[in-house]
Structure formats: C-alpha cells, structure tokens
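Please open the model in a viewer and keep the selection tool at hand. The stops below are to be visited in order.

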Amino acid sequence: MYYLVMLRDASDWTSDEPDHERFVHSLVDRNVILLGGPLDGEPVGGVSAAHVLRCSDIDEARAVVATDPLVVAGAAMATVTRWDLVGINVDAIDDELTGT
C-alpha cells in the first residue's frame, strides 16, 4: 500500500535543519519511498514537502514518519494518509532521477 506524507514547517522553528536528506536516502536504500521532494515556491495549504511511502499499513507508515529527523526535532509536522495509487508511468520519469 502507498501512503502520502505531507510535511508542514513548524512556524516557530529556529534551529538548524536536522539531517532529513540522509533519512530520505535511507528510505530509498530500503525501498520504502516511491517519490518525494519539496514543493517549489510558497507552501500549498501549509505543505512545504511531500513524499509517498510504500508500507504494509498506515501504522508502519506513521512509524517511519515518526523517525524523520525533521519531525523528531519539531521542525515539521507530518500528515499521513493512504493513497490509492492507480499507476506509475515509468517512461515519464526524468533520466536524472533514475540514474540512467
């Protein structure tokens, strides 16, 4: 199953950003994350970044999100919801993202 994770920046966050990038790379290495990244420009409905996780259930997805350094440090708040993904067009993925 797939889960959409929407990250909202904490408005009162003032410290350096925790190592979120390393966390995301660990999800890639474990085949947990399908896609994700920051939204360009102004946040949409307060959401500044999003990603899609592949997990067995929502509890697993929430457990993964709970270990995100941004969430742990209070720099971001996450919302997790099941996403009924209907398909992926792998031919539409830019080569730079696939490493080819």
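**Stop one: a salt bridge**

Select Arg22 and Asp19, whose side chains form a salt bridge with an N to O distance of 2.7 Å. The model is a predicted one, and its count of salt bridges comes to one. Arg22 belongs to helix α1. With a relative accessibility of 58%, Arg22 counts as exposed because the threshold for that class is over 50%. Its partner Asp19, at 34%, counts as partly exposed. Next, add Asp68 to the selection: Arg22 and Asp68 are 46 residues apart along the chain, and their C-alpha atoms are separated by 9.7 Å.

**Stop two: the two sides of α1**

Now select the whole of helix α1, residues 20–29. Which residues of α1 are buried? They are His20, Phe23 and Leu27. These residues lie on the same side of α1, because they cover an arc of only 60° around the axis. Turn the helix to view its other side, where Glu21, Arg22 and Asp29 are exposed.

To see what covers the buried residues of α1, display β1, β2 (33–38), β3, α2 and α3 (69–72), which are among the covering elements. Then move just past the end of α1 to Asn31, which takes a positive phi of about 55°.

**Stop three: the largest nonpolar core**

In soluble globular proteins, nonpolar side chains tend to be buried together. In this model, the largest nonpolar core has 17 residues. Select Leu27, Leu53, Cys55 and Val64, the members that touch the most other members of this core. Then colour the elements that give two or more residues to the core: β1 (2–9), α1 (20–29), β3 (47–54), α2 (58–66) and β4 (76–83).

Centre the view on Leu27. Which residues does Leu27 touch, leaving aside those up to four places away in sequence? The contacts are Val32, Ile33, Leu53 and Val64. Two of these, Leu53 and Val64, are also named among the core members that touch the most others.

**Stop four: helix α2**

Follow Val64 into helix α2, whose buried residues are Ala61, Val64 and Val65. Look down the axis of α2: the buried residues fall within an arc of 95°, so they line one face of the helix. The elements covering these residues include β1, α1, β3, α3 and β4.

Next, select Asp59, which is also found in α2. Is Asp59 buried or exposed? Asp59 is exposed, with a relative accessible area of 55%. Add Asp84 and compare the two positions: they are 25 residues apart in sequence and 16 Å apart in space, taken from C-alpha to C-alpha.

**Stop five: a nonpolar surface patch**

Finally, switch to a surface display and select Leu34, Leu35, Ile88, Val90, Ile93 and Leu97. Together these residues make a nonpolar surface patch of about 560 Å². Within the patch, pick out Leu34, which is found in strand β2. Leu34 is partly exposed, with a relative accessible area of 35%. Strand β2 has already appeared on this tour, as one of the elements covering the buried residues of α1.

Note on methods. Residues are numbered from 1 along each chain as its sequence is written. This is a predicted model: local features need pLDDT of at least 70, side-chain atom pairs count only at pLDDT 80 or more; totals for chains, interfaces and linings use all residues. Side-chain values use heavy atoms; hydrogens and water are left out. A nonpolar core is a set of buried Ala, Val, Leu, Ile, Met, Phe, Trp, Tyr and Cys residues joined through side-chain atoms within 4.5 Å. Buried means under 20% relative accessible area, exposed over 50%, partly exposed in between (1.4 Å probe, protein chains only). Helices (H or I, at least four residues) and strands (E, at least two) are DSSP runs, numbered from the N terminus. Contact means heavy atoms within 4.5 Å. The arc is that of the directions from the helix axis to the C-beta atoms. Patches are made of residues with over 30% relative accessible area and no salt bridge: like charges are joined within 9 Å, nonpolar side chains (Val, Leu, Ile, Met, Phe, Trp, Tyr) within 5 Å. Accessible areas come from the Shrake-Rupley method with a 1.4 Å probe; for residues, only the protein chains shown count as cover. A salt bridge is a side-chain nitrogen of Lys or Arg within 4 Å of a carboxyl oxygen of Asp or Glu.
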